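New to this one? Have a look at the fold below, and then we'll walk through how a pair of its helices meet.

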Amino acid sequence: MNVNLIRTDPSNIDFIALVKLLDADLAFRDGEDHAFYGPLNLIGMTLIKHVVVAYADGQPVACGAIKRFSDEAMEIKRMFTLPDYRGKGMATSVITELEKWARELSCKNCVLETGKMQPEAIALYEKLGYKSIENYGQYVGVENSICFEKVLNRWG
């Protein structure tokens, strides 16, 4: 399998298509809680400027994005991998590229939020060195949310 990563922006049609699948998956997983998360994801999209899309043999199979969280941090958003490509390193490749991009933008750490109904995501973030932190921002007091942070070293 030939894998290629591209850096792009949120207007990329492949990113938009993958995010539609992500939103459908989240609506199913989150159930009644999706009413809370849905608007946050739409608002967050307007702040996203940095997107990575992974292609396997020319087909878009995974994506992720970063948006400015603070002067020294980026927030990882809109992570998704097509089900048939999960467990094949796609998400790891996307996150690694997003972290590299964050370092290039002079960031020292990345934060992210995921839901308790996404055990695969939680396991991935922990495997990649993300540490659980207190819920931040709009996720404070949200029972279904788990927030993570990773300090980025200079070399990746």
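Let's start with a bit of vocabulary: an angle between axes under 35 degrees counts as roughly parallel, one over 145 as roughly antiparallel, 65 to 115 as roughly perpendicular, and the rest as oblique. Keep in mind, too, that what you see is a predicted model.

Now for the pair itself. Helix H3 covers residues 90-104 and helix H4 covers residues 119-127, and the two pack at an angle of about 50°, their axes 11 Å apart. H3 and H4 are therefore oblique to each other. As for handedness, H3 and H4 make a right-handed crossing.

Which residues of H3 and H4 meet? On the H3 side they are Ala91, Thr92 and Ile95, and on the H4 side Leu124, Tyr125 and Lys127. Sorted by character, the residues of this contact come out as four nonpolar, one polar and one charged.

Here are the two helices side by side:

| Helix | Residues | Contact residues |
|---|---|---|
| H3 | residues 90-104 | Ala91, Thr92, Ile95 |
| H4 | residues 119-127 | Leu124, Tyr125, Lys127 |

Stepping back to the whole chain, you'll find four helices and seven strands. Follow the sequence along and they come in the order β-α-α-β-β-β-α-β-α-β-β.

How much of the chain counts as buried? The figure is 49% of its 156 residues. Of the contacts with a separation of 6 or more, 66% link residues 24 or more positions apart. On the outside, the chain has an accessible surface of about 8,300 Å², and carbon and sulfur atoms account for 55% of that surface.

Note on methods
Residues are numbered from 1 along each chain as its sequence is written. This is a predicted model: local features need pLDDT of at least 70, side-chain atom pairs count only at pLDDT 80 or more; totals for chains, interfaces and linings use all residues. Side-chain values use heavy atoms; hydrogens and water are left out. Axes are lines fitted to C-alpha atoms, for helices over the stretch in contact, and angles run from 0 to 180 degrees between N-to-C directions. A crossing is left-handed if the near helix is turned anticlockwise from the far one by less than a right angle, and right-handed if clockwise. Contact means heavy atoms within 4.5 Å. Ala, Val, Leu, Ile, Met, Phe, Trp, Tyr, Cys and Pro count as nonpolar, Asp, Glu, Lys and Arg as charged, and the others, Gly among them, as polar. Buried means under 20% relative accessible area, exposed over 50%, partly exposed in between (1.4 Å probe, protein chains only). Accessible areas come from the Shrake-Rupley method with a 1.4 Å probe; for residues, only the protein chains shown count as cover.
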